[in-house]
Amino acid sequence: MKSLTLASIVLVLGTGAAFAQDVVRMGTEGAYPPYNFINDNGEIDGFERELGDELCARAELTCEWVTNDWDSIIPNLVSGNYDTIIAGMSITPERDEVIDFTQPYTQPDPSAVVGMIDGLDLAGAVIAAQTGTIQAGYVAQIGATLVEFSSPDETVAAVRNGEVDAVIADKEFLKPIVEEEADMMFVGEDILLGGGIGMGVRESDPELKATFDAAIQTMKDDGTLNALISKWLPASALF
Amino acid sequence: MFSFCSDPSTLDQLPWMACYLTTGKHMAFYTSFGTVLLLLAITAPVALLFGFGGAVASRSHIAPLRWFGKGYTSMVRGIPDIAFFLFVPIALDQGLELLRHKLRCPDWDMPVRQGNDFVVCDLAKLPLSNAPQWVHEGYGFTTAILAFAIVFGAFAANVIQGAMTAVPRAQMETAEAYGMSRRQSFWRILVPQMWVYALPGLSNLWQILVKATPLLFLLGVEDIVYWARELGGSKTSAFTYPHPDWRLYYFLFLLVFYLALTQVSEMAFARLTRKLSRGQATAAGEALRKASA
């Protein structure tokens with residue numbers, strides 16, 4: 001028993017002398033199509049998967065994809081469980097205090113409200129949003145009643161069940177739902193929130209931030225980023 | 001899986017269903033049942049060991065050991081599980097990384113805590129960031145087992161301690177009269193007899209443990225409840241197999257699974273109780289004696 005304990009301590013403290021620290025772990029949520037989702041083969045897929053793989057190829061990094069719950073996605077980045085957040089996260093001043101963002105890889109994305117009643121008065125409505133998103137902050141701001149859910153899918157399910165009057169989220173996420181379900185409709189105008197979507201990195205990791213900034217810039221310059229945006233996010237503005 | 005699955009949108013209901021239920025994502029769902037069962041199979045004995053240790057420690061004649069045992073049981077039992085599950089794995093992970101950092105990167109000159117960030121050198125990362133994905137998953141699984149074992153061990157310690165005091169005093173006195181040492185009478189008389197008293201409490205704990213596995217996702221282990229929610233959520237045509245909100249069916253399936261698991265363990269505990277009651281100075285033991293006589 002004693003030698004077993006000792007052996008496991010040695011194992012924990014001593015193994016893996018290999019170097020090659022070029023593996024960058026990419027953290028995403030995997031529940032927000034078309035930005036990132038888990039496809040039917042159980043793999044991470046979507047706009048950000050394709051974008052992230054291209055960025056890693058350009059920066060000559062080996063990347064490994066990890067999924068994490070949205071609620072704890074920032075705490076797990078700062079404690080070092082993965083190295084980037086690439087999860088449809090809009091750049092906001094509040095988040096920027098805790099982590100750093102690369103330059104945005106989408107324009108400020110329109111958010112939209114979807115409900116089942118036409119001509120809903122938003123200020124007096126009950127609106128669902130995902131916890132810890134810019135849209136949740138917006139609902140609180142306009143004085144409507146906010147109901148928070150931990151995953152994007154649950155916010156939409158709440159509208160279907162009649163638990164809330166409407167849901168607010170990125171328009172690209174809601175568009176296919178409105179198109180495919182007859183009783184769901186957009187309510188009111190699009191709302192511009194945040195400063196575009198960027199990749200989150202630790203504040204103590206300026207090198208990685210610079211690497212990805214440069215890679216994003218090359219994709220902007222040669223138009224490949226625009227091609228990706230038109231493929232996955234057809235309603236979004238291009239660069 | 002099947003050859004006809006290449007274009008699901010053209011399929012009829014039955015083949016569509018066959019294809020749908022055999023996607024990679026569903027395979028991950030089925031595998032997660034194994035994950036949960038494996039977790040239970042490992043956690044239960046480890047927690048029992050922690051519980052036994054805690055019970056022995058809190059009965060000890062050495063004061064510091066007794067304080068430790070009593071402190072462990074009363075503190076852990078008082079803290080909400082969810083707080084414990086968020087704290088233990090992160091604290092454990094950072095503690096180990098800090099230790100490795102000190103050992104392997106002695107000439108690192110930057111502070112480990114930089115604002116919000118916890119930064120250790122690359123060599124101290126646990127697991128190393130270039131380790132394959134299964135190592136990361138295995139590591140998460142291990143911390144999950146440890147967190148479960150610590151929590152459920154504390155409850156088990158209390159149950160076992162109660163069972164130890166329930167063994168009739170006369171049994172111990174007889175052992176002393178035969179000239180057994182403290183250690184001998186503990187291992188030969190007390191321990192074999194206490195299990196029958198501990199069993200009802202332990203079976204309760206087991207059932208609670210079975211139901212507590214959804215807490216796993218807090219620790220990044222994708223368990224059956226996570227997959228049921230992920231698969232059941234409505235899917236737009238961005239997916240190969242679009243469908244409305246099917247969470248109800250997935251959760252009904254989980255209900256059946258959990259009830260079946262409960263039923264099987266109930267039967268196992270009934271057999272165990274019967275076996276342990278044989279020859280005991282309890283009502284159940286007496287009934288067994290009369291039945292066989």
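Trainee: Let's start with residues 248-269 of chain B: how far apart are the end C-alpha atoms?
Mentor: Bear in mind that we're looking at a predicted model. In an unreviewed entry, UniProt puts the label "transmembrane region" on several spans of chain B, including 248-269. That span is 100% helix and 0% strand, and the distance between its end C-alpha atoms is 31 Å.

Trainee: And what is the end-to-end C-alpha distance for residues 74-92 of chain B?
Mentor: Residues 74-92 are also among the spans that the UniProt record annotates as "transmembrane region". Here the span is 89% helix and 0% strand, and the end C-alpha atoms are separated by 21 Å.

Trainee: Zooming out, what pattern does chain B follow along the sequence?
Mentor: Start with the counts: chain B has 10 helices and two strands. The two strands are strand 1 (113-114) and strand 2 (117-118), with a loop between them. Read along the sequence, the order is α-α-α-α-β-β-α-α-α-α-α-α.

Trainee: What radius of gyration does chain B have?
Mentor: Look at the box first: along the principal axes, the C-alpha atoms fill roughly 80 × 65 × 30 Å. As for burial, 28% of the 293 residues count as buried. For a compact globule of 293 residues you'd expect a radius of gyration near 19 Å, but chain B comes out at 25 Å.

Trainee: How confident is the predictor, and what average pLDDT does chain B get?
Mentor: For the model as a whole, the scores are ipTM 0.73 and pTM 0.78. Within chain B, 99% of the residues score at least 70, and the average pLDDT is 86.

Trainee: Over to chain A: what share of its residues counts as buried?
Mentor: Chain A holds nine helices and 13 strands, and its C-alpha trace spans about 70 × 50 × 35 Å along the principal axes. Of contacts between residues at least 6 apart in sequence, 70% join residues at least 24 apart. Out of 239 residues, the buried share is 42%.

Trainee: Which domain does UniProt list for residues 23-236 of chain A?
Mentor: Over residues 23-236 the chain is 36% helix and 25% strand, with the end C-alpha atoms 31 Å apart. The listing comes from an unreviewed UniProt entry, and the name there is "domain: Solute-binding protein family 3/N-terminal".

Trainee: Which element of chain A gives the largest share of the side that touches chain B?
Mentor: The contact takes 32 residues from chain A and 36 residues from chain B. On the chain A side, the elements that give two or more residues are helix 1 (2-14), strand 1 (23-28), helix 6 (152-160) and helix 7 (171-180). By type, the chain A residues there are 14 nonpolar, nine polar and nine charged. With four residues, the largest share comes from helix 6 of chain A.

Trainee: Which element of chain A helps cover the buried residues of helix 8 of chain B?
Mentor: Helix 8 (residues 224-232) of chain B is mostly covered, with seven of its nine residues buried. Among the buried ones are I224(B), W227(B) and L231(B). The cover includes helix 2 (24-58) and helix 9 (247-277) of chain B, and, from chain A, strand 3.

Trainee: So where does strand 3 of chain A sit, and which residue stands opposite F37(A)?
Mentor: There's an open sheet of three strands in chain A, with the order 2-3-4 and antiparallel pairing. Its edge strands are strand 2 (31-32) and strand 4 (44-45). Strand 3 (residues 36-38) pairs with strand 4 over two bridges. In that pairing, the residue in strand 4 opposite F37(A) is D45(A).

Trainee: Which residue is joined to P33(A) by a cis peptide bond?
Mentor: Check the loop between strand 2 and strand 3 of chain A, where P34(A) is found. Omega is about 0° for the bond in question, and the partner of P33(A) is P34(A).

Trainee: Is E60(A) buried or exposed?
Mentor: E60(A) lies in the loop between helix 2 (47-58) and strand 5 (62-67) of chain A. E60(A) has a positive phi of about 55° although it isn't a glycine. Because just 9 other C-beta atoms lie within 10 Å, where 12 or fewer is the cut-off, E60(A) counts as exposed.

Trainee: Which residues does N116(B) touch, leaving out those up to four places away in sequence?
Mentor: N116(B) is in the loop between strand 1 and strand 2 of chain B. It has 16 C-beta neighbours inside 10 Å, so N116(B) counts as partly exposed. Its contacts are in chain A: V78(A) and V98(A).

Methods. Residues are numbered from 1 along each chain as its sequence is written. Chains are lettered from A and ligands numbered from 1 in the order in which they are written. This is a predicted model: local features need pLDDT of at least 70, side-chain atom pairs count only at pLDDT 80 or more; totals for chains, interfaces and linings use all residues. A residue is buried if 20 or more other C-beta atoms lie within 10 Å of its own, exposed if 12 or fewer, and partly exposed in between; C-beta atoms are placed from the backbone. Two residues are in contact if their C-beta atoms, placed from the backbone, lie within 7 Å. UniProt positions are given in the numbering used here, feature names are shortened, and annotations may be inferred rather than shown by experiment. pLDDT is the predictor's confidence in each residue, from 0 to 100. Two strands pair if DSSP finds at least two bridges between them. Ala, Val, Leu, Ile, Met, Phe, Trp, Tyr, Cys and Pro count as nonpolar, Asp, Glu, Lys and Arg as charged, and the others, Gly among them, as polar. The radius of gyration is taken over C-alpha atoms; the globule rule is 2.2 Å times the number of residues to the power 0.38.
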